[in-house]
Every structure is written in structure tokens, then in C-alpha cells.
Amino acid sequence: PFEAIFSEYVLISTSSSWQIDMGAVIPVPIASLTFQPDPVDASAVNQSVGTVTLSSPAAMDTIVYLQSNSQNATVIPSVTIKQGQSSATFQVLVNTNGLASGVSTVATILASNAVAFQSQLTVKNGP
């Protein structure tokens, strides 16, 4: 009732050398997270452009997860920084929901690729 178990062995020469690309194991840290414009007048425009920048070019395509703590600034779940690049842009959709005219709020945007990095965006309702 049992089938035979076969295994294969691979002979590796003791003179072989191996290299591990630590960039593939340990993500490149996030150096900055900026917004343009900041502050943003949500009564005049519906978005700001976010830029997430790594401290050095990505060794491989790197996914950066995004999150906002504010109903007045929403972000996509993630952005990919392509191999060899050090930054990527994304839209931050802004609105005036719950903000009286002339009032502003601060949204904290979190970017994470193993280590979290956060920055703040000011959303205004009017000039």
C-alpha cells in the first residue's frame, strides 16, 4: 500500500562560493514621503501627489504599503518602486467631508516596506 520514496542528492563542490543579495532579503529603507501640494485646498482640487523615496535604488521591485488615518485623504493600498529606481508617485485623493469652510485637518500617511515611515499632509477647506 505504500509507494517507494526517492530522493536526489546534489553534489556541491567545497570550493564553490555563494553570494546573497541582501537587498532581496532586507528592504532598502524609506528616506522620505512628500506631498505636492502640501497643504492642499480640497475645495479647489481633489488630489495631491505623494512621492515615496528609498535611501538607495531598489535591488528588486519593491512594494510599499500605504495607509491614511484620515477620511479627508485616501491612498491606494500600495505602490511599487521598480528595480533600479529609488522613488514612486501615487495619488492622495482629498475631500472636504466634515470640514467647515476655512478649517483644515492633518492626515498622517504611513508608508511601509518592512519598516514604517510616516508623514503628514494638511488638507484645507478653502484658502
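Residues 24 or more positions apart account for 60% of the contacts in the protein chain with a separation of 6 or more, where a contact means heavy atoms within 4.5 Å. Keep in mind that this is a predicted model, in which local features need pLDDT of at least 70 and side-chain atom pairs count only at pLDDT 80 or more, while totals for chains, interfaces and linings use all residues. Residues are numbered from 1 along each chain as its sequence is written, and side-chain values use heavy atoms, with hydrogens and water left out.

**The chain at a glance**

- You'll find 1 helix and 9 strands in the protein chain; helices (H or I, at least four residues) and strands (E, at least two) are DSSP runs, numbered from the N terminus.
- Starting at the N terminus, the elements run α-β-β-β-β-β-β-β-β-β.
- Of the chain's 127 residues, 29% count as buried. Here, buried means under 20% relative accessible area, exposed means over 50%, and partly exposed is in between (1.4 Å probe, protein chains only).

**The sheet of 4 strands**

- One open sheet has 4 strands in the order β1-β3-β7-β5, with antiparallel pairing. Two strands pair if DSSP finds at least two bridges between them.
- β1 and β5 stand at the edges with a single partner strand each, so one side of each has no neighbour in the sheet.
- Direction ignored, neighbouring strands of this sheet are turned by 30° against each other on average. For angles like this, axes are lines fitted to C-alpha atoms (for helices over the stretch in contact), and angles run from 0 to 180 degrees between N-to-C directions.
- β3 (residues 47-54) and β7 pair in the antiparallel sense over 7 bridges. In β7, Q47 has L93 as its bridge partner, and S48 has V92.
- β5 (residues 73-75) pairs with β7 too, in the antiparallel sense over 3 bridges. The bridge partner of A73 in β7 is V94.

**Strand β7 and the core**

- Look along β7 (residues 87-94) and you'll see the side chains alternate. A88, F90, V92 and V94 point to one face and are buried, whereas S87, T89, Q91 and L93 point to the other and are not.
- The largest nonpolar core has 25 residues. Such a core is a set of buried Ala, Val, Leu, Ile, Met, Phe, Trp, Tyr and Cys residues joined through side-chain atoms within 4.5 Å.
- The elements that give two or more residues to this core are β1 (30-36), β3, β4, β5, β6, β7, β8 (104-112) and β9 (116-124). β7 gives the most, with 4 residues.
- V52, V64, F90, V92, V94, L121 and V123 are the residues with the most contacts inside this core.
- Leaving aside neighbours within four places in sequence, V94 is in contact with V40, A42, V45, N46, Q47, N72, A73, L121 and V123.
- In soluble globular proteins, nonpolar side chains tend to be buried together.

**The sheet of 5 strands**

- Another open sheet has 5 strands in the order β2-β9-β8-β4-β6, with mixed pairing.
- Its edges are β2 (40-41) and β6, each with a single partner strand, so each has one side left without a neighbour in the sheet.
- β4 and β8 pair in the antiparallel sense over 4 bridges, with L66 standing opposite A111 in β8.
- V64 sits in strand β4 and counts as buried, because its relative accessibility is 0%.
- Although V64 and A111 are 47 residues apart in sequence, they are 6.2 Å apart in space, C-alpha to C-alpha.
- Not counting neighbours within four places in sequence, the contacts of V64 include I30, V52, P77 and A111.

**S119, a buried serine**

- S119 lies in strand β9 and counts as buried, because its relative accessibility is 18%.
- The side chain of S119 reaches the backbone oxygen of L33 at 3.0 Å.
- Beyond residues up to four places away in sequence, S119 touches L33, F35, A107, T108 and I109.

**The salt bridge**

- The structure holds 1 salt bridge, meaning a side-chain nitrogen of Lys or Arg within 4 Å of a carboxyl oxygen of Asp or Glu.
- The side chains of K82 and D61 meet in it, at 3.9 Å from N to O.
- This pair links distant parts of the chain, 21 residues apart: K82 is in the loop between β6 (78-81) and β7, and D61 is in the loop between β3 and β4 (62-68).
- Buried or exposed, or in between? K82 is partly exposed at 47% relative accessible area, and D61 is partly exposed at 42% relative accessibility.

Key
Polar contact = N/O pair within 3.5 Å; in protein donor to acceptor, adjacent residues only side chain to side chain.
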